[in-house]
Amino acid sequence: MISTNDLPPGQYVTDDFPLFGLSQYASRYNSEIKPLNIKIAGDVENILSVTAEDLAKLPHIHQTSDFHCVTTWTKQNLSWSGYRFRDFYEMIARPHSHPDENATFVIFRSHDGFRSILPLSDLLKDDVILADMLAGEMLPALHGGPLRLIAPAHYGYKSAKHIKAIEFWPDESKFEAPALRFMNHPRARVALEERGLWIPGWILRYVYRPLVNLTVRKFKRVSK
Ligand SMILES: Nc1nc2c(c(=O)[nH]1)N[C@H]1C(S)=C(S)[C@@H](COP(=O)(O)O)O[C@H]1N2
Ligand SMILES: [Mo]
């Protein structure tokens, strides 16, 4: 067992890095990776389509970080490569798409229908990346290929896999929570145990933990 000293509150270390998600999305899992094509939309002057070649103009960086699922499992030391969200915003989205200056919320939409939202200010942090590689290999479908968000300071449900659109909006009104509303904290910061809304994070540990094995099994069945 690895030392758990640096674990955020309520998390435990797992050696596996399971295919995971909201169990209602398991049946929508698709092992085929779509070509990378991301629509930039929302409150913007130009709707854009961003391809792998466009992203390749940005610095490609490596990052090792821990991944914290809200259901309390943590996979440590994952080695991602990709593009800083901040570079994507400053070198592609802002100059070419011109989001409104009040558009300070960002919605990620995924090919399986999943979506997540974070304030732009959280996404501009150094450690937030649009990952296209894991452990030196092309990002597999299992972990969100062709491109996923990695925001290590936030619970895993913010890190949308299989991204197909990135939208800039002035508020959260265009976001429909993919599950029950209490399961979506607007920021979901791991260090503050912001697991969900209204219910304290330390109580939600006990609500979510029993669901881990069921969910892992469900995803295993569809990914075979
Ligand atoms: N498209 C999509 N992205 C998603 C999810 C999902 O079901 N679909 N689940 C989220 C949750 S709850 C977690 S913990 C992580 C799981 O990532 P993994 O499958 O790479 O372990 O993806 C997040 N991003
Ligand atoms: Mo999760």
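**Note on the predicted model and its ligand site**

1. An oxygen atom of ligand 1 lies 3.0 Å from a polar backbone atom of Phe20. That pair falls under the polar-contact rule: two N or O atoms within 3.5 Å; within protein, one must be able to donate a hydrogen and the other to accept it, and residues adjacent in sequence count only if both atoms are side-chain atoms. The protein covers 98% of the 530 Å² of accessible area that ligand 1 has on its own. Accessible areas come from the Shrake-Rupley method with a 1.4 Å probe; for residues, only the protein chains shown count as cover.

2. On the basis of the note: this is a predicted model, in which local features need pLDDT of at least 70 and side-chain atom pairs count only at pLDDT 80 or more, while totals for chains, interfaces and linings use all residues. Residues are numbered from 1 along each chain as its sequence is written, chains are lettered from A and ligands numbered from 1 in the order in which they are written, and side-chain values use heavy atoms, with hydrogens and water left out.

3. Two side chains also approach ligand 1. An N or O atom in the side chain of His143 is 2.6 Å from an oxygen atom of the ligand. For Lys161, a polar side-chain atom is 2.5 Å from a ligand oxygen.

4. Next, the shell. Ligand 1 is surrounded by 22 residues. The closest are Pro18, Asp112, His143, Arg148 and Lys161. A residue is near a molecule if one of its heavy atoms lies within 4 Å of it. By class, the shell holds 13 nonpolar, six polar and three charged residues. Here Ala, Val, Leu, Ile, Met, Phe, Trp, Tyr, Cys and Pro count as nonpolar, Asp, Glu, Lys and Arg as charged, and the others, Gly among them, as polar.

5. Where does ligand 1 sit? Ligand 1 occupies the largest pocket. A pocket is an open set of points on a 1 Å grid over the protein atoms alone, where a 1.4 Å probe fits, with protein on both sides within 12 Å along at least five of seven lines. A molecule sits in a pocket if more than half of its atoms lie within 2 Å of its grid points.

6. Arg195 deserves a look. Its place is the loop between strand 11 (163–169) and helix 4 (201–208). Helices (H or I, at least four residues) and strands (E, at least two) are DSSP runs, numbered from the N terminus. Is Arg195 buried or exposed? Arg195 counts as buried because its relative accessibility is 0%. Buried means under 20% relative accessible area, exposed over 50%, partly exposed in between (1.4 Å probe, protein chains only). The Arg195 side chain reaches the backbone oxygen of Val70 at 2.8 Å. A polar atom of that side chain also lies 3.3 Å from the backbone oxygen of Gly201.

7. Two more residues belong to the loop that holds Arg195. Trp198 lies between strand 11 and helix 4, and so does Arg181. Trp198 has a positive phi, near 70°, in a residue other than glycine. Trp198 is exposed, at 63% relative accessible area. Arg181 is exposed as well, at 56%. Their C-alpha atoms are 9.9 Å apart, with the two positions 17 residues apart in sequence numbering.

8. Thr72 also has a positive phi, about 95°, although it is not a glycine. Thr72 lies in the loop between strand 4 and strand 5 (73–84). Its relative accessible area is 0%, so Thr72 counts as buried. Thr74, in strand 5, is buried at 0% too. The C-alpha atoms of Thr74 and Tyr155 are 9.8 Å apart, and the two residues are 81 apart in sequence.

9. Check the peptide bond between Gly145 and Pro146. The bond is cis, with omega about 10°. Pro146 lies in the loop between strand 9 (137–138) and strand 10 (148–150). Pro146 is buried, with a relative accessible area of 14%.

10. One polar side-chain pair: Gln63 contacts the side chain of Ser65 at 2.5 Å. Gln63 belongs to strand 4 (residues 61–68). Gln63 is buried, at 12% relative accessible area.

11. Lastly, Pro210. This residue lies in the loop between helix 4 and helix 5 (212–223). Pro210 is exposed, at 54%. Its C-alpha atom is 32 Å from that of Phe105, 105 residues away along the chain.

Key: On a 1 Å grid over the protein atoms alone, a cavity is a set of points where a 1.4 Å probe fits but cannot get out, and a pocket is an open set with protein on both sides within 12 Å along at least five of seven lines; lining residues have an atom within 4 Å of a point.
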